[in-house]
Amino acid sequence: MERKWGINFIRVASVFGLLGVFIGSQMAGEMDYSIRPIHTHVLLVGWLSMFAWGIFYSVYTIKNKLLVHIHGITGMVGAVTLTSGMYFYMLNPFNFNETFNMIYFIVGGSILLIAFLLFLIITFLVEKK
C-alpha cells in the first residue's frame, strides 16, 4: 500500500512541479508577480510536500495501512483544494460568489492541515526491520 501511495504522490507532485514552474515563468514573462502566493503554495504544498511524502512511503513500511490510505486522500484533496481555492479567492476567474471562494479556500487548508497531522502520526508507526 505504501509503495502505491508513494508513486501516486510523486506523480501528482510532478504535475504540481510543472504547474509551479509554468506559473513562475508566466509571472516573469509578464513582469507581474501578483500571484506569487499561489505560485509559492503550488510549489511548496504540491511539489515539495507531495514529493517528500512519496519518497517516505517508498522507503518505509507503515504498521497502520488505513492511516496511510486516509493520509493519501486528505493529502491530495487538501493540496488541490488549497491551491485552487487560493486561485479562486485571489483572482475569482469564474465569478464565483466571494463567500464560496473563501469557504472553499478554508476547507482546502483545513483538509491539508489534517493531512499533515496524519503524516506526523504515521511517522511514529514505521515498522522496524
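In the predicted model, helix H1, which covers residues 2–30, packs against helix H2, which covers residues 36–59, with the two axes coming within 7 Å and crossing at roughly 160°. Because the angle lies over 145 degrees, H1 is roughly antiparallel to H2, and the crossing of the two helices is left-handed. Sorted by class, the residues of the contact between H1 and H2 comprise 20 nonpolar, 9 polar and 3 charged.

The pairing of H3 with H4 can be described in the corresponding terms. Helix H3 spans residues 65–91 and helix H4 spans 98–123; their axes lie 7 Å apart and the helices pack at an angle of about 150°. This angle also falls in the range over 145 degrees, and H3 and H4 are therefore roughly antiparallel to each other. H3 passes H4 in a left-handed crossing, and the residues of this contact divide into 20 nonpolar and 10 polar, with no charged residue among them.

At the level of the whole chain, the secondary structure consists of 4 helices and 0 strands, which gives the pattern α-α-α-α when read along the sequence. The C-alpha trace extends over about 50 × 30 × 20 Å along its principal axes. Of the 129 residues in the chain, 37% are buried.

With regard to charged side chains, the count of salt bridges comes to 1. The pair is formed by lysine 65 and glutamate 2, whose closest N and O atoms are 2.5 Å apart, a separation that satisfies the limit of 4 Å. Since lysine 65 belongs to helix H3 and glutamate 2 to helix H1, the salt bridge ties together parts of the chain that are 63 residues apart in sequence. The two partners were also assigned to exposure classes: glutamate 2 has a relative accessibility of 4% and therefore counts as buried, whereas lysine 65, at 32% relative accessibility, counts as partly exposed.

Asparagine 64 is placed in the loop between H2 and H3 and, with a relative accessible area of 32%, is partly exposed. A polar atom of the asparagine 64 side chain lies 3.1 Å from the backbone nitrogen of leucine 67, a distance within the 3.5 Å limit for a polar contact. The C-alpha atom of asparagine 64 is separated by 37 Å from that of isoleucine 23, a residue 41 positions away along the chain.

Backbone geometry was examined in two further loops. Most residues other than glycine have a negative phi. Methionine 31, in the loop between H1 and H2, has a positive phi of about 55° although it is not a glycine, and at 62% relative accessibility this methionine counts as exposed. A positive phi, near 60°, is likewise found for asparagine 95, again a residue other than glycine. Asparagine 95 lies in the loop between H3 and H4, and with a relative accessibility of 70% it counts as exposed.

Note on methods. Residues are numbered from 1 along each chain as its sequence is written. This is a predicted model: local features need pLDDT of at least 70, side-chain atom pairs count only at pLDDT 80 or more; totals for chains, interfaces and linings use all residues. Side-chain values use heavy atoms; hydrogens and water are left out. Axes are lines fitted to C-alpha atoms, for helices over the stretch in contact, and angles run from 0 to 180 degrees between N-to-C directions. Angles under 35 degrees count as roughly parallel, over 145 as roughly antiparallel, 65 to 115 as roughly perpendicular and the rest as oblique. A crossing is left-handed if the near helix is turned anticlockwise from the far one by less than a right angle, and right-handed if clockwise. Ala, Val, Leu, Ile, Met, Phe, Trp, Tyr, Cys and Pro count as nonpolar, Asp, Glu, Lys and Arg as charged, and the others, Gly among them, as polar. Buried means under 20% relative accessible area, exposed over 50%, partly exposed in between (1.4 Å probe, protein chains only). A polar contact is a pair of N or O atoms within 3.5 Å; within protein, one must be able to donate a hydrogen and the other to accept it, and residues adjacent in sequence count only if both atoms are side-chain atoms.
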